[in-house]
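Colleague: I have a model open on my screen and I'd like to learn how to read it. Could you walk me through it?

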Amino acid sequence: MTTAKMPLGKGLNAGLRAAMEADEKVLIMGEDVGQLGGVFRITDGLQKDFGESRVIDAPLSENGILGTAIGMTFRGYRPVLEIQFDGFVYPAYDQIVSQVARFHFRSKGTVKMPIVIRIPFGGGIGAVEHHSESPEAQFALTAGLKVVTCSNANDAYWMIQQAIASDDPVVFMEPKRRYWDQGEVDLLSDPFPLHASRVVRDGSDATLIAYGPMVKTCLESADAAAEEGINLEVIDLRTLSPLDLDPVFESVRKTGHAIVIHEAAQTLGLGAEISARITEKCFYNLEAPVIRVTGYDLPYPPSRIEEEFLPGLDRILDAVDRSLAF
Amino acid sequence: MTASMPDTYVADDPAGDFPLVQLLTPEGQRVNHAEFAYEGDDDSIRELYRDLFLMRRIDFEAHALQRHGEIGLWAPAQGQEAAQIGSGRALRPQDFAFPTYREHGVALCRGVDPALLLGLFRGVELGGWDPAEHGFALYSIVIGAQTLHATGYAMGLTLDDAVGHNDPERDAAVIAYFGDGATSQGSVNEAFDWAAVFNAPVVFFCQNNQYAISAGTDRQTRGPIAQRAGGFGFRGIRVDGNDVLACHAVTTAAMQKARDGEGPTLIEAYTYRMGAHTTSDDPTRYRDSAEVETWKLKDPIERVKRYLQVQGTPQEFFDTLEAEAEELGKHLRAACKALPEPDLAALFDSVFVDGTPELAEQKAAYIAFRDSLETEGSPA
């Protein structure tokens with residue numbers, strides 16, 4: 001077994017490199033992805049090694065990045081697009097929702113859209129406005145898009161390669177505040193499937209369901225709860241569209257308590273859909289209503305108070321207490 | 001206006017002063033142009049005439065099919081035949097065209113069975129043909145979106161080293177179709193910018209038919225559309241969009257320039273939408289008949305007929321063509337009704353290449369529900 005310790009962002013960088021080495025049709029395009037290596041350095045060194053024709057510094061035009069990438073797929077390319085920040089994806093929303101998501105369907109399968117749209121998302125880094133959004137539900141609810149997110153360096157390395165290998169368009173949400181978190185990457189092992197959720201901590205008293213940046217927060221919450229003798233199971237969803245909730249149902253049937261955690265606002269967030277499905281599949285096993293711990297239904301607040309807005313350890317443990325006391 | 005205004009400012013009227021390339025007058029007279037010439041002989045002009053004539057018949061038949069309730073909607077292209085056939089016949093097999101939803105004549109040039117164009121409008125299809133087979137993308141309904149796809153395709157041609165070899169079999173280019181209304185869209189202006197920045201082998205072919213549904217071109221722009229290319233760093237040419245020879249000559253030159261690796265061109269084909277925006281539209285609410293009458297005198301087909309008649313084309317040619325058009329009409333009427341009905345159950349399989357458990361579950365539930373109705377006997 002060959003493993004390497006690296007931060008999550010470096011896992012993405014290594015995964016991108018591996019994908020580009022494996023398939024010469026893989027291109028990277030985005031703002032400042034070339035010489036600079038991206039504002040988060042996720043594409044660091046790739047233009048130097050693969051050239052300007054495969055790592056393309058785009059004009060400052062997100063709609064243009066998506067629109068031209070579509071044309072490139074007609075030539076057999078597999079563009080991997082970097083949207084610099086979550087809040088800047090909206091100019092490209094039309095091309096993503098009305099074009100990328102529909103070509104395969106409109107053409108009855110004649111046209112494939114193997115495009116990966118990388119979006120650093122979520123808050124917690126003290127950023128200015130439009131740099132801390134969580135728009136994943138807006139893509140997950142769009143028929144024709146697949147949406148995934150990673151929570152650790154190993155998944156970052158493998159999932160980005162799997163997303164690039166997918167013949168379907170994949171919105172790849174990157175937990176930007178975890179870019180610097182170190183983890184072990186297994187460079188040789190068979191990867192876990194892209195569209196599969198995973199239990200990342202076994203427990204018996206209640207189930208925490210999270211993805212992306214909140215997985216670490218949930219694991220920390222579970223550690224804290226363990227000190228009080230409460231044994232929490234934590235599930236990393238990994239795939240947001242399609243959802244893979246069988247591990248969730250299995251867990252909830254065991255614990256009877258489900259808490260869904262995400263940074264995105266509560267109303268019509270992923271938590272609403274997950275809660276509905278748990279109710280459909282685990283109705284008689286539930287000992288309390290499914291509880292959601294999420295961002296509030298506000299535009300993202302000024303960063304000085306973002307820790308109050310974001311789900312944290314205290315709010316998660318409070319929800320656990322409420323569920324267990326129900 | 002202050003004295004500091006730049007003196008390069010040309011015109012503040014979309015119909016304003018911008019040179020117009022014309023090679024065949026509305027009266028059917030060939031005229032010379034300093035830069036552009038139609039290179040073909042009279043036989044090739046007869047072929048263009050055939051295309052123009054058949055394109056109008058497609059439009060006529062589709063319109064009738066809509067009035068008979070066989071299709072729900074049609075986007076007529078009458079008046080724009082020269083722009084579409086002239087440009088469409090300037091393409092090579094290896095070129096690629098990205099159309100709007102009105103490029104029925106270009107589809108004809110690309111070998112798409114015109115009956116397949118009806119599927120979208122009959123509500124049985126969202127596409128209808130294989131883009132790769134014809135070098136002709138699916139109709140695009142979101143205004144201007146396809147210009148970026150065209151630009152990306154052109155960037156792909158450059159990456160594939162398919163330009164600039166002086167090889168007519170290998171070098172390729174792209175043509176993006178759009179209208180005057182689309183020039184107000186961000187996508188179109190972004191496409192201009194990207195094409196210029198990447199020196200992409202793409203020709204932007206704007207059919208300025210004077211209207212975006214009801215809004216005249218002066219609601220989209222202050223200056224001539226062709227003038228806009230200069231601001232992006234490439235050349236804009238205005239051509240008489242009702243002159244098939246000029247449209248062919250200018251598009252041929254622009255496509256060759258693109259294939260040679262010399263970057264994009266904007267062509268503004270100055271034309272007129274003789275009919276409604278779609279069959280749901282009522283143009284009498286926003287334009288007067290005198291304007292329409294003026295444009296009737298510039299008909300793109302009539303002028304070619306006049307020219308060919310003066311050149312001694314036998315009546316038999318026109319009669320044969322009329323018979324061919326009749327056959328095409330029959331084909332369209334029959335093929336329209338024969339277009340297969342869509343099956344909702346099948347659609348679950350075409351959302352993704354690799355389907356999802358969620359879709360499989362919903363498909364199974366839909367089929368079970370549908371079957372249960374059939375078992376019970378659905379109400380009449």
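Modeller: Sure, we'll go through the interface, some salt bridges, a strand and a helix. Keep in mind that this is a predicted model.

Colleague: Let's start where the chains meet. How many residues of chain B are in contact with chain A?

Modeller: On the chain B side there are 37, and they touch 44 residues of chain A. Put the two together and the area buried is about 3400 Å². Carbon and sulfur atoms give 63% of that area.

Colleague: And what about polar links across it?

Modeller: The general idea first: side chains of opposite charge can pair when their charged atoms come close. Here, five salt bridges are counted between chain B and chain A. One of the pairs to look up is Asp160(B) with Arg75(A), a salt bridge whose closest N and O atoms are 2.9 Å apart. There are also 20 residue pairs in polar contact across the interface.

Colleague: Which helices of chain B supply at least two residues each to the side that touches chain A?

Modeller: Three of them: H6 (145-159), H7 (186-197) and H14 (357-376). H6(B) gives the most, with 10 residues. By residue type, the side of chain B that touches chain A splits into 20 nonpolar, nine polar and eight charged residues.

Colleague: How many salt bridges turn up over all chains?

Modeller: The whole structure has 40. Try Asp49(A) and Lys48(A), whose closest N and O atoms are 3.6 Å apart. Asp49(A) is partly exposed at 42% relative accessibility, while Lys48(A) is exposed at 73%.

Colleague: What parts does the salt bridge between Glu324(B) and Arg50(B) tie together?

Modeller: Those two side chains meet at 2.6 Å, N to O. Glu324(B) sits in helix H12 (residues 315-338) of chain B and Arg50(B) in helix H1 (residues 42-67) of chain B, so their pairing links parts 274 residues apart in sequence. Glu324(B) is partly exposed, at 30% relative accessibility, and Arg50(B) counts as partly exposed too, at 33%.

Colleague: Can you show me another in chain B?

Modeller: Look at Arg122(B) and Glu70(B), which form a salt bridge at 2.8 Å, N to O. Arg122(B) belongs to helix H4 (residues 114-122) of chain B and Glu70(B) to the loop between H1 and helix H2 (81-88), so this pair ties together parts 52 residues apart in sequence. Glu70(B) is partly exposed, at 22% relative accessibility.

Colleague: Which residues do shared partners join into one network?

Modeller: Arg50(B), Asp51(B), Arg89(B) and Glu324(B) are joined by salt bridges that share partners.

Colleague: Now a strand. Is E11(A) mostly covered or mostly open?

Modeller: Check each residue's relative accessible area; under 20% is buried. In strand E11 (residues 232-236) of chain A, five of its five residues are buried. Then look at the two faces: Leu232(A), Val234(A) and Asp236(A) are on one side, with Glu233(A) and Ile235(A) on the other, and both sides are covered.

Colleague: Which way do E9(A) and E10(A) run relative to E11(A)?

Modeller: Strand E9 (residues 198-201) of chain A runs antiparallel to E11(A), joined by three bridges. Strand E10 (residues 206-210) of chain A runs parallel to E11(A), with five bridges. Find Ile235(A) on your screen: Val199(A) is its bridge partner, and Ile209(A) stands opposite Ile235(A) as well.

Colleague: Finally, how should I read a helix?

Modeller: An α-helix has 3.6 residues a turn, so residues three or four places apart point the same way. Now go back to H4(B), where the buried residues are Pro114(B), Ala115(B), Leu117(B), Leu118(B), Gly119(B) and Phe121(B). Their cover includes H1, helix H3 (104-109) and H12 of chain B.

Colleague: What happens at the ends of H4(B)?

Modeller: Asp113(B) caps the N-terminal end, with a side-chain oxygen 2.9 Å from the backbone nitrogen of Ala115(B). Just after the helix, Gly123(B) takes a positive phi of about 80°.

How values were computed: Residues are numbered from 1 along each chain as its sequence is written. Chains are lettered from A and ligands numbered from 1 in the order in which they are written. This is a predicted model: local features need pLDDT of at least 70, side-chain atom pairs count only at pLDDT 80 or more; totals for chains, interfaces and linings use all residues. Side-chain values use heavy atoms; hydrogens and water are left out. Contact means heavy atoms within 4.5 Å. Buried area is the accessible area (1.4 Å probe) that two parts lose on being put together, summed over both. A salt bridge is a side-chain nitrogen of Lys or Arg within 4 Å of a carboxyl oxygen of Asp or Glu. A polar contact is a pair of N or O atoms within 3.5 Å; within protein, one must be able to donate a hydrogen and the other to accept it, and residues adjacent in sequence count only if both atoms are side-chain atoms. Helices (H or I, at least four residues) and strands (E, at least two) are DSSP runs, numbered from the N terminus. Ala, Val, Leu, Ile, Met, Phe, Trp, Tyr, Cys and Pro count as nonpolar, Asp, Glu, Lys and Arg as charged, and the others, Gly among them, as polar. Buried means under 20% relative accessible area, exposed over 50%, partly exposed in between (1.4 Å probe, protein chains only). Two strands pair if DSSP finds at least two bridges between them.
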